[in-house]
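This briefing is intended for a reader who has the sequence and the coordinates at hand. Please consult both while reading the points below.

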Amino acid sequence: LFKETPVQILGCNIGGWDTHTNQSNNLNGLLYEVAHAYEALHLDLQSQWNDVVVITMTEFGRTSNENGSFGTDHAEATAMLARAATDCHHVIKTKRK
């Protein structure tokens, strides 16, 4: 689909990350889903992969300490993972070393 359309920006949402309870069991399934989504995107866009920037992020942070129900609570921090080809450093505003 991506190869046949002029799409430049795509967003998607995977819910279920609000893990106040039983976090380790919940994260196993969620991270498996994300890994397979990345794999499918890579397989579909192999010929264009060096022109693709992928950013994975959350809109809210979590505490680093486990709560009483084996989960974590909301906090001020957040997490972001960016993947880009080596010549795309200007997109995420970093300098090459």
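The following notes take up the fold, the main pocket, the salt bridge and several individual residues.

The model is a predicted one. Its protein chain contains one helix and four strands, and from the N terminus on these elements run α-β-β-β-β. Of the 97 residues in the chain, 14% are buried.

**Overall architecture**

- The helix, helix 1, covers residues 23–44, and in the order of elements the α element precedes the four β elements.
- Strand 1 spans residues 54–57 and strand 2 spans residues 61–62; strand 3 occupies residues 74–75, and strand 4 occupies residues 80–83.
- Among contacts in the protein chain with a separation of 6 or more, 53% join residues that are 24 or more positions apart.
- The accessible surface of the protein chain amounts to about 7800 Å², and carbon and sulfur atoms account for 56% of that surface.

**The largest pocket**

- The volume of the largest pocket is about 1600 Å³.
- Its lining consists of 40 residues, and those closest to the pocket centre are Cys-12, Tyr-38, Val-54, Ile-55 and Thr-56.
- By residue class, the lining of the largest pocket comprises 24 nonpolar, twelve polar and four charged residues.
- Helix 1, strand 1, strand 2 and strand 4 each contribute at least two residues to this lining.
- Helix 1 provides the largest share of the lining, namely seven residues.

**Residues related to the pocket centre**

- Cys-12, one of the residues closest to the centre of the largest pocket, is placed in the segment before helix 1.
- Cys-12 has a relative accessible area of 74% and is therefore classed as exposed, the cut-off for that class being over 50%.
- Cys-12 and Thr-56 are 44 residues apart along the chain, and their C-alpha atoms are separated by 9.7 Å.
- Val-54, also among the residues closest to the pocket centre, has its C-alpha 5.7 Å from that of Ala-82, although the two are 28 residues apart in sequence.
- Ala-82 belongs to strand 4 and is partly exposed, with a relative accessible area of 37%.

**The salt bridge**

- The count of salt bridges in the model comes to one.
- Its partners are Arg-62 and Asp-18, whose closest N and O atoms lie 2.8 Å apart.
- This pair links distant parts of the chain, since Arg-62 is in strand 2 and Asp-18 is in the segment before helix 1, 44 residues apart.
- Asp-18 has a relative accessible area of 41%, so this residue counts as partly exposed.

**A buried threonine in the segment before helix 1**

- Thr-19 is located in the segment before helix 1.
- With a relative accessible area of 2%, Thr-19 falls in the buried class, for which the value must be under 20%.
- Leaving aside residues up to four places away in sequence, Thr-19 touches Asn-26, Arg-62, Gly-71 and Thr-72.
- Arg-62 is thus both a contact of Thr-19 and the salt-bridge partner of Asp-18.

**Positive phi angles outside glycine**

- Asn-22, which is not a glycine, has a positive phi near 50 degrees.
- Asn-22 lies in the segment before helix 1, and its relative accessibility of 36% makes it partly exposed.
- Phe-70 likewise has a positive phi, of about 60 degrees, although this residue is not a glycine.
- Phe-70 is situated in the loop between strand 2 and strand 3, where its relative accessibility of 55% places it in the exposed class.

**Gly-16 and its position relative to Asn-26**

- Gly-16 is found in the segment before helix 1 and counts as exposed at 54% relative accessibility.
- The C-alpha atoms of Gly-16 and Asn-26 are 8.1 Å apart, with their positions ten residues apart along the chain.
- Asn-26 is also among the residues touched by Thr-19.

How values were computed: Residues numbered from 1 in each chain as written. Predicted model: local features only at pLDDT ≥ 70, side-chain atom pairs only at ≥ 80, totals over all residues. Heavy atoms only, no water. Buried < 20%, exposed > 50% of the residue type's maximum accessible area, 1.4 Å probe, protein only. Contact = heavy atoms within 4.5 Å. Areas by Shrake-Rupley, 256 points an atom, 1.4 Å probe, with all protein chains shown as cover. 1 Å grid on protein atoms, 1.4 Å probe; cavity = no way out; pocket = protein on both sides within 12 Å on 5 of 7 lines; lining within 4 Å. Points joined across faces, edges and corners; volume = space filled by probe spheres on them. Nonpolar A, V, L, I, M, F, W, Y, C, P; charged D, E, K, R; others polar. Salt bridge = Lys/Arg side-chain N within 4 Å of Asp/Glu carboxyl O.
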